[in-house]
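Q: Please take a close look at a single part of the structure shown below, and then follow its surroundings into the rest of the chain. A formal, connected account would be preferred.

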Amino acid sequence: RLDAKLGGRDGNQIAFIRDRDIWVASLDGHEIQLTFSTKPAVSNGVAEYVMQEEFRRYTGYWWRPSPPNADGHRGNGSERILYMETDESNVEWVLIARPGINEEIDRYRYPRAGKPNASTVLKMVEFSLNSTSLPTQLALRPGFCIKDLFPWTEYLVRSGWLPDGR
C-alpha cells in the first residue's frame, strides 16, 4: 500500500495505491478497487518520475473535499477522487546491473533528455457509501488529455479541488 490518504465525507475512508491502481478501505478494513489498469505501463494515481524528480509532486490523486452543510453534515453521500492515469509505454527502458554475486539486471523506465516522457490523462472516479461505509455504485468519469486542450503544455504539475469541492 502506497500513498495512503484519509478522506471521504466524514474522513472515514482511506485511499491508497496497490499494484498501479487506486483502492479505498473503510476504517474497519473492507477494501474495494476503484480503478483498473489494463496495461503494464499504465498506472492510476501514481506520480510519474518527472513529477517526482523535477517538480516534487509525489502523489497522483486527490480526494474531493466535502464542506459541511447547514446541518453540520458533510457532502451528499457521493465521494470523488481526481486522479492521473499515467501511460509510460513510450518511455524507454534503462538497464541497471545489481552489484553482487549474481549480477542481476533491473529494468526501469527512465525518460532521458530529448526522449518521450510519460503521458497523463486527468480522470475522476465517483462512488457512494452504503450504511456501513463501504463503497458502492462505482462510476469512472472519462478523462481528458491536457495536450488536446492545451497543445503547448508538456506537464500537468499541480492539480486538485477548490475548497468547496469543485
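A: The part chosen is an open sheet of 4 strands, which are arranged in the order E1-E2-E3-E4 with antiparallel pairing (strands are DSSP runs of E with at least two residues, helices runs of H or I with at least four, and both are numbered from the N terminus; two strands pair if DSSP finds at least two bridges between them). Strand E1 (2-7) and strand E4 (31-33) form the edges, each pairing on one side only. From one strand to the next, the twist averages 25° (axes are lines fitted to C-alpha atoms, for helices over the stretch in contact, with angles from 0 to 180 degrees between N-to-C directions). The model is predicted, so that local features need pLDDT of at least 70 and side-chain atom pairs count only at pLDDT 80 or more, whereas totals for chains, interfaces and linings use all residues. Residues are numbered from 1 along each chain as its sequence is written, and side-chain values use heavy atoms, with hydrogens and water left out.

Between E1 and strand E2 (residues 13-18), 4 bridges make up the antiparallel pairing. Within this pairing, Leu6 stands opposite Ile14 of E2. Arg1 lies over the face of Phe16, 5.1 Å from the ring centre (a charge sits over a ring if NZ of Lys or CZ of Arg is within 6 Å of the ring centre and within 35 degrees of the ring normal).

The loop between E1 and E2 contains Gly8. Gly8 counts as buried, at 14% relative accessibility (buried is under 20% relative accessible area, exposed over 50%, partly exposed in between, with a 1.4 Å probe and protein chains only). Leaving aside residues up to four places away in sequence, Gly8 touches Trp63 and Glu79 (contact means heavy atoms within 4.5 Å). Gly8 and Ser78 are 70 residues apart in sequence, yet their C-alpha atoms are 8.7 Å apart in space.

Trp63, touched by Gly8, leads on to the aromatic rings. The count comes to 2 aromatic pairs (rings of Phe, Tyr and Trp, the last by its six-membered ring, pair with centres within 6.5 Å; planes under 30 degrees apart are stacked, over 60 edge-to-face, the rest tilted). The rings of Trp63 and Phe127 are edge-to-face because their planes stand at 65°, with the centres 6.1 Å apart. Since Trp63 belongs to strand E6 (residues 61-63) and Phe127 to strand E10 (residues 119-129), this pair ties together parts that are 64 residues apart in sequence. Both partners are buried: Trp63 has a relative accessibility of 12%, and Phe127 has a relative accessible area of 0%.

A further site involves strand E9 (residues 105-109), where Asp106 is placed. Asp106 counts as buried at 17% relative accessibility. Its side chain makes a polar contact of 2.8 Å with the side chain of Arg98 (N or O atoms within 3.5 Å; within protein, one able to donate a hydrogen and the other to accept it, with residues adjacent in sequence counted only if both atoms are side-chain atoms). Not counting residues up to four places away in sequence, Asp106 touches Val94, Leu95, Ile96 and Arg98. Elsewhere, the charged end of Arg107 sits over the ring of Trp93, at 3.9 Å from its centre.

These details belong to a protein with 2 helices and 11 strands. From the N terminus on, its elements run β-β-β-β-β-α-β-β-β-β-β-β-α. Of the 166 residues in the protein, 36% are buried. Among contacts with a separation of 6 or more, 51% are between residues 24 or more positions apart.
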